[in-house]
Amino acid sequence: MKILVPCKRVPDPDQKLRLNAETVGIDPAALTYILNPFDAIAVEEALRIRETAHPDAEVIAVSIAPAEGEADLRTALAMGADRALLIEHNDPTDPWNVARLLAAVIEHEQPTLVLMGKQAVDDDANQTGQFLAAQLGWPQATFASQIEFIDDGIRVHRETDLGIEVIRTTLPAIVTADLRLNEPRYASLPSILRAKKKSIEQTTPAKLGVQLELRVRLIGMELINSQRHCEKVETASNLLAKLRETEVVG
Amino acid sequence: MTEDLSREIFGNLGETSKTIFYALAAVSSGVFAWGVWRRVKLWRRGRPDNEPIKWREAFQNIRNRALAQRALRGARPKASFAHRILFWGFLVLFIGTILVSIEHYSAAALGREATDPLFHKGVYFVIYEITLDTFGLLMIGGAVWFARRRMRADSSMEHRTADWLVLASLIILGVTGYFIEGLRIIRESTPMPGISFVGYGFSKIFVAAGVGKSNVDSIHFGLWWFHSVVAFGFIAALPFCRLAHAIAAVFSLATTPKPLGQMEPISMEEVEETGEVGVGRLEQFTQRDLLQLDACVSCGRCEDLCPAYEAGKPLSPRDLVQDLRMHMEGAAPAVLHGETIGAETLWACTTCNACNDICPLGVRPADYITDLRRHLIGEGELRGAPATSLQKMQRAGNPWGLPAQDRLKWADGLDVPTVANNPDFDVLYWVGCSAAYDRRTMKVARAVAQLLQRAQVNFAVLGPEERCTGESARRIGDEFLFQELAATNIETFTKHNVRKIVTHCPHCLNSLRQDYPQFDGHYEVIHHTQFLGELVAANKLKAAAVMNETVTYHDPCYLARVNGITDAPRTLLPDNLKEMPRSGCQTACCGAGGGRMWFDDPAEERTGTGRITEALDTGAKTVAVSCPFCLTMMTDGVATKNDQVKVRDVSELMLEDN
């Protein structure tokens, strides 16, 4: 059994982001990247499946990133993934084309299960898993908070706005991980060093035979002013007066 | 008149008896030696200890802690007293027996008759008899006391059936010894029998009960053999029962204990070679660690002080050591991690060092824990909030993962000098992550900086160049994250020619003092309370004035117990300080050490809730602290119980009066 885990490289959300000079992206200077936390949850789930239900499972991490993206694949390897594949690509992409690249890899690798984060914490698009299922014609179970293996496939608990929805699907399938699926393990330096001995396979969109045709183009970005002004008012009528003053209420 | 004073050794015993006696002695010593060797073999499963034995210190340690029984100070006064009299009684009787054998063999070697002793006579004999009769009573008294204690004990006292045998043997040996002495006095008509005052008393009773010249020989003979057989059995059983602690203790105390708060570094080369970190299997402990498991007599003094145990967490340092000991003996379960010792037990420890400090025989429960934690970290067993904090330390150099550029936010509007704009500073103020990013602790840094400015100290801060010391990473078990952070900081210190560091964080202080020198970072590191104390002494600042309301002070573990700094903060506080029952070096942990700071327990379930109650019970309206972790824990804990009480750093209280 093969489990494929797409891993996205995202800017560290705790760090301060600056726009680039053209205001069509983030200034890459002094920017640090991490493995998308939802993808880390997906990696963890794949490892747990290997540790419990399917000891024969092979866990493959895949990333589409510039050459430096290797570092984040190392994190997945340090956590315990068996192999990693880097699709080297420097230019912007969009979810549809990411799905196409992944579909090409999937055609080659033939995994039984694709486990990925429900969304990436940079653009929060929440589309790649769904597009990928559509392109492959596979069943999908998004926002998973629990995955169980049953005779003919898997049973997945989905976190929806209305509550937990339990669905059953055959395999192969696409499952996207929600926050409560698990708590990822901590990869310490020795395991990162050990992971350095594992090789990372390299490929490119061209080698995969995919010509990227962007459907989404980023036109511009702007920073929101998050400076807040706080003031303590004594009474409710004072509050109302203030709100009228600032034209929050009429 | 004292010339005739003596007694015949092996009196009333024929050659056959002597032969049987020596045969039994040989068997008994053989079993004893075999029993000890069995344990030694278990200890030798560990890694060789590279630390050479420092004979002078070993000798002092054994003299002070074992012979003088000084290690028992500070807790359980009654049991300690009983142990002392039992031990000293036993020791003196043991020495007495050796003196008798020296007399016997040297007299025999010189061809003297049994009735013509070499030195076991006269004044020496008087002193000998009085001393031994006295110490015999002490031994019996101690044993009886312990037996009574064991009868009344609740389930918290670890108990084995063999413990009764140990106490019974000691009492029987003592009492029959006096009986035999009494019978000997009747038999030999020893002059001045009063010097053997207990035996003499018994001789009177025996005479009254009808013992006389006609029957004394056979009764003496029978009782003498009973006494001897019990003694041989006792010697043979020693390495197999609880008293084995006395044997292991000699070895344990002979190894020089590390100062509290110091950890053994691991090298990356070692890990690359073995592929393993920390202790995953028993054999990865050192031989010293393993022999110390046998020194544990399961007294439970550590458990009495353990803050995790007090808070109902799944950790008792005593049980941990005993479980490891059983595991070493090969008792089930055969798997160390997960079965013998659970991960939750290991994570529960705050490394407050109370157990390491109290153990009379030098066992270091918390050190086993940190060694075992290293393995868990290496295996990726840490999850959730603390794992996230370590990840953030790894990528951003602070447990919150926040930008290094924000490290001076606390100093907004204060004009605090940095190493960049004041390169000729005398002292570096180490701010630490908590004061750099936590809004509450920022106020502490502001207070310290303002006090330093008012006293016109030539100081500087590192600002964006500062990184987490790695203290909590190291104690949670992530040795290499710590080493990486330490290397970065040491490089920064070198770059700015840092020699003297003042910090308001005892964890940073201990790390800079005890961890960094292991990686060639040698600095003079002092706590802000010490530095502010110097400034007060030099009349550059004033201590906090007496307040109308009661103030109590909570000693941080890493400041007081680990680094012995208890006076400095008190000199800065008002005189009307109301002390908590556990204070100074005997402080109780707030619950945040050893990386526990990064675990997201709800305030009411945290280790240290007992400490909050203790602080509030003083009736204090202000709880003074001198550690950012204690500040957080105390503030959160107090808030769940009494919102009228304020928690303040010592420097904040001082700022009000300067």
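**Exercise 1. Chain B as a whole**

What percentage of the 658 residues in chain B do buried residues make up? Find this, then describe the chain in outline.

*Solution.* Keep in mind that we are working with a predicted model.

Step 1. Count the buried residues: they make up 47% of the 658 residues in chain B.

Step 2. List the secondary structure. Chain B has 27 helices and 7 strands.

Step 3. Put a box around the chain. Taken along the principal axes, the C-alpha atoms of chain B fill roughly 105 × 60 × 45 Å.

Step 4. Look at how contacts span the sequence. Of the contacts in chain B between residues at least 6 apart in sequence, 79% join residues at least 24 apart.

**Exercise 2. Domains of chain B**

Name the domains of chain B, then describe how domain 1 of chain B meets domain 2 of chain B.

*Solution.*

Step 1. Read off the bounds. The domain assignment gives domain 1 (2-6 + 70-242), domain 2 (255-378), domain 3 (393-537) and domain 4 (551-655) of chain B.

Step 2. Take the centres over C-alpha atoms: those of domain 1 and domain 2 of chain B are separated by 39 Å.

Step 3. Look at the contact itself. Domain 1 of chain B brings 8 residues and domain 2 of chain B brings 8 residues.

Step 4. Sort by class. On the side of domain 1 of chain B that touches domain 2 of chain B, there are 3 nonpolar, 2 polar and 3 charged residues.

**Exercise 3. A sheet and its helix**

Work out the strand order of the open sheet of 4 strands in chain B, and explain why β2 and β4 of chain B stand at the edges.

*Solution.*

Step 1. Write down the order: β2-β1-β3-β4 (chain B), with parallel pairing.

Step 2. Find the edges. β2 (459-460) and β4 (524-527) of chain B each have a single partner strand, so one side of each has no neighbour in the sheet.

Step 3. Follow β1 of chain B to its partners. Strand β1 (residues 427-430) pairs in the parallel sense with strand β3 (residues 500-503) of chain B over 3 bridges, and 2 bridges join β1(B) to β2(B), again running parallel.

Step 4. Match individual residues. Leu428(B) stands opposite Ile501(B) in β3(B), and its bridge partner in β2(B) is Ala460(B). Tyr429(B) has Val502(B) as its bridge partner in β3(B).

Step 5. Recall a general point: strands of a sheet pair through backbone hydrogen bonds.

Step 6. Add the helix. α22 (residues 506-515) of chain B packs on the sheet and touches β1, β3 and β4 of chain B, and its direction makes about 160 degrees with that of β4(B). This helix is mostly covered, with 10 of its 10 residues buried; among them are Cys508(B), Leu509(B) and Leu512(B).

**Exercise 4. Two crossing helices**

Decide how α4 and α6 of chain B are oriented to each other, and find the residues that make their contact.

*Solution.*

Step 1. Take the axes. Those of α4 (residues 122-152) and α6 (residues 197-208) of chain B come within 7 Å and cross at roughly 85 degrees.

Step 2. Apply the cut-off: 65 to 115 degrees counts as roughly perpendicular. Therefore α4(B) and α6(B) are roughly perpendicular to each other.

Step 3. Name the contact residues. α4(B) uses Asp133(B), Gly136(B) and Leu137(B), while α6(B) uses Phe197(B), Val198(B) and Gly199(B).

Step 4. Sort by class: this contact has 3 nonpolar, 2 polar and 1 charged residues.

**Exercise 5. Unusual backbone spots**

Is Ser189(B) buried or exposed? Look at its backbone too, then turn to chain A.

*Solution.*

Step 1. Place Ser189(B): it lies in the loop between α5 (161-188) and α6 of chain B. Its phi is positive, about 45 degrees, although it is not a glycine.

Step 2. Count its neighbours. Ser189(B) has 9 C-beta neighbours inside 10 Å, so it counts as exposed.

Step 3. Repeat for Gln110(A), in the loop between α3 (95-109) and β6 (113-117) of chain A. Its phi is near 55 degrees, also a positive value in a residue other than glycine. With 9 C-beta neighbours inside 10 Å, Gln110(A) counts as exposed.

Step 4. Check the peptide bond from Leu171(A) to Pro172(A): it is cis, with omega near 0 degrees. Pro172(A) lies in the loop between β9 (163-169) and β10 (173-177) of chain A.

Definitions and conventions
Residues numbered from 1 in each chain as written. Chains lettered and ligands numbered in written order. Predicted model: local features only at pLDDT ≥ 70, side-chain atom pairs only at ≥ 80, totals over all residues. Pairing = 2+ DSSP bridges. Contact = placed C-beta atoms within 7 Å. Axes fitted to C-alpha atoms, helices over the stretch in contact; angles between N-to-C directions. Domains from an automatic or database assignment. Nonpolar A, V, L, I, M, F, W, Y, C, P; charged D, E, K, R; others polar. Buried ≥ 20, exposed ≤ 12 C-beta atoms within 10 Å, placed from the backbone. Parallel < 35°, antiparallel > 145°, perpendicular 65-115°, else oblique.
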